[in-house]
Amino acid sequence: MQIDDLVLALLKEIGEDPGRQGLEHTPERVRRSFQFLTQGYTQDPLEILNRAIFSEATDEMLIVRDIDFYSLCEHHLLPFFGKCHVGYLPKGEIIGLSKIPRIVDAFSRRLQIQARMTTQIAECLEKILQPKGVAVVIDARHLCMPMSGVETSDSYTTTSSMLGYFKQDPRTRAEFLELIKFSA
């Protein structure tokens with residue numbers, strides 16, 4: 001069954017008239033929307049990174065913070081969105097800075113849970129760059145909570161994935177967390 005047919009059936013199931021003026025083109029709009037919102041399934045994050053790896057002697061922490069992302073909760077198909085902060089300690093290789101937001105986008109444009117997405121971003125960077133460490137922190141608002149009856153509208157969920165030095169060395173972790181806190 002095609003997405004258009006599924007949306008048409010859904011509209012009928014909830015008691016709507018799919019032929020009324022405001023809903024006439026809704027099935028096509030929903031199909032296009034879901035194709036965009038889930039385009040991460042057609043993107044290979046490793047391929048994105050492989051195109052922009054550069055040899056560099058630096059071993060100082062690199063951070064890209066405040067990366068906006070939008071995703072869909074796999075439990076309710078409702079949006080969650082927020083900011084992603086990514087840091088790594090290079091070991092001979094760096095990537096183009098624009099690639100980090102692209103990696104975040106590739107993983108967020110799938111049906112997700114925040115904890116898995118955080119880990120996927122960190123593990124992807126670790127696999128390709130083999131740095132001394134990777135840190136990813138995500139702060140997000142989940143619309144499934146207030147829209148499904150939970151009486152909270154201002155709560156955020158924070159997840160982190162710390163690998164290598166960020167996990168092993170409390171000072172490295174503290175430095176990263178201190179640097180990203182200015183983004184609030």
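Visitor: Why does Gln130 count as exposed?

Guide: Gln130 has a relative accessibility of 52%, and the term exposed is kept for values over 50%, with buried meaning under 20% and partly exposed whatever lies in between (1.4 Å probe, protein chains only), so Gln130 counts as exposed. The model here is a predicted one, in which local features need pLDDT of at least 70 and side-chain atom pairs count only at pLDDT 80 or more, whereas totals for chains, interfaces and linings use all residues. Residues are numbered from 1 along each chain as its sequence is written, and side-chain values rest on heavy atoms, with hydrogens and water left out.

Visitor: Where is Gln130 found, and what is notable about its phi?

Guide: Gln130 is found in the loop between helix H5 (114–129) and strand E6 (133–142), where helices are DSSP runs of H or I with at least four residues and strands are runs of E with at least two, both numbered from the N terminus. The phi of Gln130 is near 50 degrees, a positive value in a residue other than glycine. Most residues other than glycine have a negative phi. Leu77 also has a positive phi, near 60 degrees, and is found in the loop between E2 and E3.

Visitor: What makes Leu77 partly exposed?

Guide: Leu77 has a relative accessible area of 40%, a value in between the two cut-offs, and therefore Leu77 is partly exposed. In helix H5, Glu126 is partly exposed as well, with a relative accessible area of 34%. For the chain as a whole, buried residues make up 39% of the 184 residues, and there are eight helices and seven strands.

Visitor: How do you know that Glu16 forms a salt bridge with Arg20?

Guide: A salt bridge requires a side-chain nitrogen of Lys or Arg within 4 Å of a carboxyl oxygen of Asp or Glu. The closest N and O atoms of Glu16 and Arg20 are 2.9 Å apart, and the pair therefore meets the rule. Both partners are partly exposed, Glu16 at 30% relative accessibility and Arg20 at 39%.

Visitor: Which residue forms a salt bridge with Arg109, and is Arg109 buried or exposed?

Guide: Arg109 forms its salt bridge with Asp105, the closest N and O atoms being 3.1 Å apart. Arg109 has a relative accessible area of 9% and is therefore buried, whereas Asp105, at 25% relative accessibility, counts as partly exposed. Another salt bridge joins the side chains of Asp169 and Arg171 at 3.5 Å, N to O, and Arg171 is exposed, with a relative accessible area of 66%. By this rule the count comes to nine salt bridges.

Visitor: Why is the pair of Phe69 and Phe80 called edge-to-face?

Guide: Rings of Phe, Tyr and Trp (its six-membered ring) pair if their centres lie within 6.5 Å, and planes under 30 degrees apart count as stacked, over 60 as edge-to-face and the rest as tilted. By this rule the count comes to three aromatic pairs. In one of them, Phe69 and Phe80 lie 5.9 Å centre to centre with 70 degrees between the planes, and the name edge-to-face therefore applies. Phe69 lies in strand E2 (residues 62–73) and Phe80 in strand E3 (residues 79–89), so the pair ties together parts that are eleven residues apart in sequence. Both Phe69 and Phe80 are buried.

Visitor: What makes the pair of Phe166 and Phe176 edge-to-face?

Guide: Phe166 and Phe176 are 5.6 Å apart centre to centre, with 75 degrees between the planes, and both values therefore satisfy the cut-offs for an edge-to-face pair. Phe166 lies in helix H7 (residues 165–168) and Phe176 in helix H8 (residues 170–180), so this pair ties together parts that are ten residues apart in sequence. Both Phe166 and Phe176 are buried.

Visitor: How do you know that Arg141 lies over the face of Tyr156?

Guide: A charge sits over a ring if NZ of Lys or CZ of Arg is within 6 Å of the ring centre and within 35 degrees of the ring normal. Arg141 lies over the face of Tyr156 at 5.9 Å from the ring centre, which is within the distance limit.
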